[in-house]
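User: Please explain how the structural labels for this model are justified. I should like each value set against its definition.

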Amino acid sequence: MPKFGFLVVEGPHDVEFAYRLLTPFGLKRVANERQLDPLFRLLIPRDYPPGGDLQKRMPTPLFVSSGTHTLAIQSAIGDTRLVQTVEENLAQVSSTNLAGLGIVLDADKDKAVSAGARYDAIRTRMAAIDLQLPDAAGTVTAGSPRLGAFVLPNNAACGTFEDLLLDCATTVYPSLLDSATKHADGAATDQTLTADDLQDFHKPAGRNKAVIGAMASVLRPGKAIQVSIQDNRWLRGETLLLPRIKAVQDFLVALFEIESPTAPPLAAPPVNP
């Protein structure tokens, strides 16, 4: 019987980020409901439109599975709903059925709010629904289920998920990163753009988001950034060895008790007749 796990992240980009970190361990997307374990079918929303909102996407998790694990990765669509999303899903699948349950969130760029403060706030809210996170961010409890939360980019510095993608871009797309950075910085001083035009750009993580978006628009024109994360080399090969990337991957491995895949046995030599 596979181990079940549930991970809540802030948005769809983070869903793809987590998935890319898990694929080296044999976890693949579950494309059809019939392939999904009955336990996790309970997490599939059945009522449309959700909450009566015709503009809202159906909040279906990304399900990934291997021979040993089945995980649900759920976007909370914002940092304010992280714990609420945990609570809503545990109303369908009891935590006693899970090997691991975790949260991945941003520290944000606001230096007035430290990564530690962000973690303490999440820890307090999780305790209110009887889930006790460990004392330190990025660590995992040894209970059942295993519990933990990782504050991007590294449980200490201010920042967001985009900081990690920029780490990766420096390694695999350095020239494209340079041109996208010049493009974004040029827009910041463009006198034809109004304050309203640049409202999102001037948010704490706005510039980094603009740089990543410019790169993704070249790599996958007309597609969402999460499509580029899924399809391109952001999180493959050597980028998985970058310290801040590997730290998140190690957290997920510990949270869900995932073992490294073993090398397949060598084929037997042919027998001469």
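Analyst: The following exchange takes up helix crossings, nonpolar cores, burial and backbone geometry in turn. This is a predicted model, in which local features need pLDDT of at least 70, side-chain atom pairs count only at pLDDT 80 or more, and totals for chains, interfaces and linings use all residues. Residues are numbered from 1 along each chain as its sequence is written, and side-chain values use heavy atoms, with hydrogens and water left out.

User: Why is α1 called oblique to α5?

Analyst: The axes of helix α1 (residues 12-22) and helix α5 (residues 161-172) come within 11 Å and cross at roughly 50°. Angles under 35 degrees count as roughly parallel, over 145 as roughly antiparallel, 65 to 115 as roughly perpendicular and the rest as oblique. The crossing angle therefore makes α1 oblique to α5. Axes here are lines fitted to C-alpha atoms, for helices over the stretch in contact, and angles run from 0 to 180 degrees between N-to-C directions. The helices are DSSP runs (H or I, at least four residues), as the strands are (E, at least two), numbered from the N terminus.

User: Which residues make the contact of α1 with α5, and what is their character?

Analyst: H13, D14 and F17 of α1 meet F161, E162 and L164 of α5, where contact means heavy atoms within 4.5 Å. These residues divide into 3 nonpolar, 1 polar and 2 charged. In this scheme Ala, Val, Leu, Ile, Met, Phe, Trp, Tyr, Cys and Pro count as nonpolar, Asp, Glu, Lys and Arg as charged, and the others, Gly among them, as polar.

User: What makes α5 oblique to α9?

Analyst: The axes of α5 and α9 come within 9 Å and cross at roughly 125°. That angle makes α5 oblique to α9. From α5, D163, L164, D167 and C168 meet R244, I245 and V248 of α9. The contact of α5 with α9 divides into 4 nonpolar, no polar and 3 charged residues.

User: Which residues touch the most other members of the largest nonpolar core?

Analyst: In this core of 51 residues, they are L7, F17, I73, M215, W234, L235 and I245. A nonpolar core is a set of buried Ala, Val, Leu, Ile, Met, Phe, Trp, Tyr and Cys residues joined through side-chain atoms within 4.5 Å. Not counting residues up to four places away in sequence, L235 touches F17, R20, L21, L165, C168, I229, L240 and I245. A second, separate core of 30 residues includes F40, L82, I103 and A115.

User: How do you know whether T85 and Y119 are buried or exposed?

Analyst: Buried means under 20% relative accessible area, exposed over 50%, and partly exposed in between (1.4 Å probe, protein chains only). T85, in helix α3, has a relative accessible area of 3% and is therefore buried. Leaving aside neighbours within four places in sequence, T85 is in contact with F6, V8, Q74 and A76. Y119, in helix α4, is likewise buried, because its relative accessible area is 2%. With neighbours within four places in sequence left aside, Y119 is in contact with L133, P134, D135, A136, A137, A149 and V151.

User: Why is A247 called partly exposed?

Analyst: A247 has a relative accessible area of 33%, so it is classed as partly exposed. This residue lies in helix α9 (residues 243-256). A247 and G138 are 109 residues apart in sequence and 8.3 Å apart in space, C-alpha to C-alpha.

User: What is the phi of I77 and of D130, and are these residues buried or exposed?

Analyst: Most residues other than glycine have a negative phi, and most peptide bonds are trans. Phi of I77 is near 55°, a positive value in a residue other than glycine. I77 is found in the loop between β4 (69-75) and α3 (82-90), and its 65% relative accessibility is why I77 counts as exposed. Phi of D130 is positive too, near 65°. D130 belongs to the loop between α4 and β6 and counts as exposed because its relative accessibility is 72%.

User: Which peptide bonds are cis, and where are their prolines found?

Analyst: One cis bond runs from Y48 to P49, with omega near -5°; P49 is found in the loop between α2 (38-41) and β3 (62-65). Another cis bond joins S144 and P145, with omega about 5°. P145 has its place in the loop between α4 (115-127) and β6 (146-152).
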